[in-house]
Each structure stands twice: as C-alpha cells, then as structure tokens.
Amino acid sequence: MSTPAVTRVPQEERTRVMRQRLMEATVDLLVEKGFSGTTTTLVSERAGVSRGAQLHHFPTKNDLVVAAVAHLTEIRGQELAAAAAQLPRGRNRTRAIVGMLGDHFASPVFTAALELWVAARTDAALLEAVAPLEERVGRETHRLTVQLLDVDEAAPGVRELVQATLDLVRGLGLANTLGDDARRRHRILDEWARTLDEALGFEARSARTSTTERKT
C-alpha cells in the first residue's frame, strides 16, 4: 500500500502565516492589555509561535509593535473601504457616512492604534515609526470623506467641516474606550449629520435629485 504524498508548504508561505499570527496577536493584546501590558512573551504564546522564531523576526518589542502599526494601517484602510462600498445613496447618505466613520473610530483597531499613539508620545523610536503611518491614514481618511460626501474643498468652509467631522468621530472613539458610548454617539452623530446637510446644502441637492428621479 502506497503512502500518501505529503504536501509541503513553502518556507515563504509558512513565514508569512507566522508573521500574520504575530501581528494579529499583538493587536489583540494591545486592545486587551494596553501597550505596557503587551510583552513579546505574551505575543508568542497568543500566536502559538516559538520565542526563538519570534525573536528571529522581531528582536525587540518595538520591532514587533512597529510591524503591528503597519498591519493596523492596512486593516483600517480595508475596513473603511469595505464599509464605504455599502453606503446608501440619497437623503440618508450623510448620516450613513458619519455613522460609518463613528463606528470605525470606536472599533478595536482604533483602540489598538490609540495605545501606540500614547506610547509614542514618550518613545522617540516608536514615534518615528508611528507618526508617518498615522499621517498617511489621516490623509487617506480625509480624502475618502471628501469623496463620499461629494464636496468641493475649494469652497469656503468645506475643508474645515470635513476636518471637524473627523475630529468629532476621533473624540467619540476616544470616549468609547472608557465604556460603551454607543447611544450618546448615535445622538451626537444624528445632530452632526443634520448640521452637515444644512451647511453643505445637501437638503436642497437631495430634493432636486428626488424630483429629477421621479420625472425620469
């Protein structure tokens, strides 16, 4: 009787999977235990990776966390893009946009990123790695919000309204780390969506669009 052939996973793929597990374990621990409570030992145990293998790829905690920053950045971008693709059109679109942003900044991914921001404030090496990535995330989130709202930033006050929206949802996300703040967040975002619609002239635009659609 012949012995079944054993399929060998290429070393490159095994390394990729191992690094992925380490990144995910790091993010989970940042959310659960914070930056100070996240240790390389705990990460290797959570990921099911030997200490030797972990130290080979990430010799220090900062090496590990910096890699996790890049991983977080990718996750945050994917989550926002996926949520944006599901947004409705029409009269309730503004509320859906600010709700999507509010949910994103209240997510575990934002909590983990927040831990890195706080730690980077007093860690020059960590700040050097975190700052450029956060700047990139900020630019991309701003660009996405402008695109979703379909506004012209050259118009007076529009850029400030977009930035105020992002500052608001970040602040609400920060408040959520101290306890479930969903009900208050939803009430605030309801009012802010109405404010945006009025300030940006969306009510008139929606009415015109609805009339045109009925005629066609």
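Let me begin with the aromatic side chains, where Phe105, Phe110 and Trp117 form one aromatic cluster. What you see is a predicted model, in which local features need pLDDT of at least 70 and side-chain atom pairs count only at pLDDT 80 or more, while totals for chains, interfaces and linings use all residues. Residues are numbered from 1 along each chain as its sequence is written, and side-chain values use heavy atoms, with hydrogens and water left out.

Rings of Phe, Tyr and Trp, the last by its six-membered ring, pair if their centres lie within 6.5 Å, and planes under 30 degrees apart count as stacked, over 60 as edge-to-face and the rest as tilted. By this rule there are two aromatic pairs. Phe105 and Phe110 meet edge-to-face, at 5.3 Å centre to centre with 80° between the planes, and Phe110 and Trp117 are also paired edge-to-face, at 5.5 Å and 85°.

How buried or exposed are these residues? With buried meaning under 20% relative accessible area, exposed over 50% and partly exposed in between, for a 1.4 Å probe and protein chains only, Phe105 is buried at 2%, Phe110 is buried at 3%, and Trp117 is partly exposed at 27%.

Elsewhere, Lys61 lies over the face of Phe35, at 4.1 Å from the ring centre; a charge sits over a ring if NZ of Lys or CZ of Arg is within 6 Å of the ring centre and within 35 degrees of the ring normal.
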